[in-house]
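Colleague: I would like to learn how to read side-chain contacts and solvent exposure in a model of this kind. Could you take me through it step by step?

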Amino acid sequence: MELFMPEFGLVFWMFLAFVGLYVILAKAAWPFIIKSMETRADLIDKGVAYAQEAKSHLDNAKAEADKVIAEAQKQQADILRDAAKMKSQIIEEAKGQAAVEAKKVTDAAQLAIEQARKESERQLRQEVGAYALQIAEKVIRHNMEGDDAQQALVDKLLNEVETKN
């Protein structure tokens with residue numbers, strides 16, 4: 001039972017060693033340990049604050065990015081709408097110009113056709129007139145072979161001229 005019941009001297013020296021060790025640790029080690037723990041706690045608090053600030057900045061950056069993306073999509077839609085308007089306007093202008101050019105070409109073709117028709121009519125009249133003169137000349141020569149026929153024709157023409165005047 002001696003193991004369970006230590007002697008008084010052993011307990012006294014153990015108590016004295018404990019108190020001495022406690023005093024040495026209280027004077028030298030505890031302030032350093034507490035200071036280190038406070039420094040570590042401050043560092044952790046700063047890290048948490050920095051993380052919260054970084055999260056806040058990240059959330060703000062995400063919101064800004066969403067705004068920028070929304071604005072870019074709006075501008076893209078505006079640009080596409082303007083491009084579609086411009087395309088239809090250019091097409092309409094081209095159609096108008098094509099219609100004007102087609103009208104000019106049609107008018108020029110009609111004018112050329114009309115001039116060609118008039119020229120053809122003029123040439124036809126000249127040829128018909130020339131043929132008529134040739135036929136009339138041949139007929140008159142055939143009818144006027146004698147002097148009596150020529151005299152009768154001249155008298156007839158003079159009478160017609162006198163009656164008209």
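Colleague: Is Arg-81 buried, partly exposed or exposed, and what is its relative accessible area?

Modeller: Please keep in mind that this is a predicted model. Partly exposed is the class between under 20%, which is buried, and over 50%, which is exposed; Arg-81 has a relative accessible area of 44%, so the residue is partly exposed. Asp-78, with 27%, is partly exposed as well.

Colleague: Which side chain does Arg-81 meet in a salt bridge?

Modeller: The idea is to look for a side-chain nitrogen of Lys or Arg within 4 Å of a carboxyl oxygen of Asp or Glu. Here the side chain of Arg-81 meets that of Asp-78, with an N to O distance of 2.3 Å, and the two residues lie three apart in helix α1, about one turn of the helix. The structure holds seven salt bridges.

Colleague: Which residues are joined into one network by salt bridges that share partners?

Modeller: To find a network, one follows a shared residue from one bridge to the next. Arg-117 meets Glu-114 in a salt bridge at 2.2 Å, N to O, and Arg-117 also forms one with Glu-121, where the closest N and O atoms are 2.4 Å apart. Salt bridges that share partners thus join Glu-114, Arg-117 and Glu-121 into one network.

Colleague: Why are Glu-114 and Arg-117 separated by about one helical turn?

Modeller: Because they are three residues apart in helix α1; Arg-117 and Glu-121, being four residues apart in that helix, are likewise separated by about one helical turn.

Conventions
Residues are numbered from 1 along each chain as its sequence is written. This is a predicted model: local features need pLDDT of at least 70, side-chain atom pairs count only at pLDDT 80 or more; totals for chains, interfaces and linings use all residues. Side-chain values use heavy atoms; hydrogens and water are left out. Buried means under 20% relative accessible area, exposed over 50%, partly exposed in between (1.4 Å probe, protein chains only).
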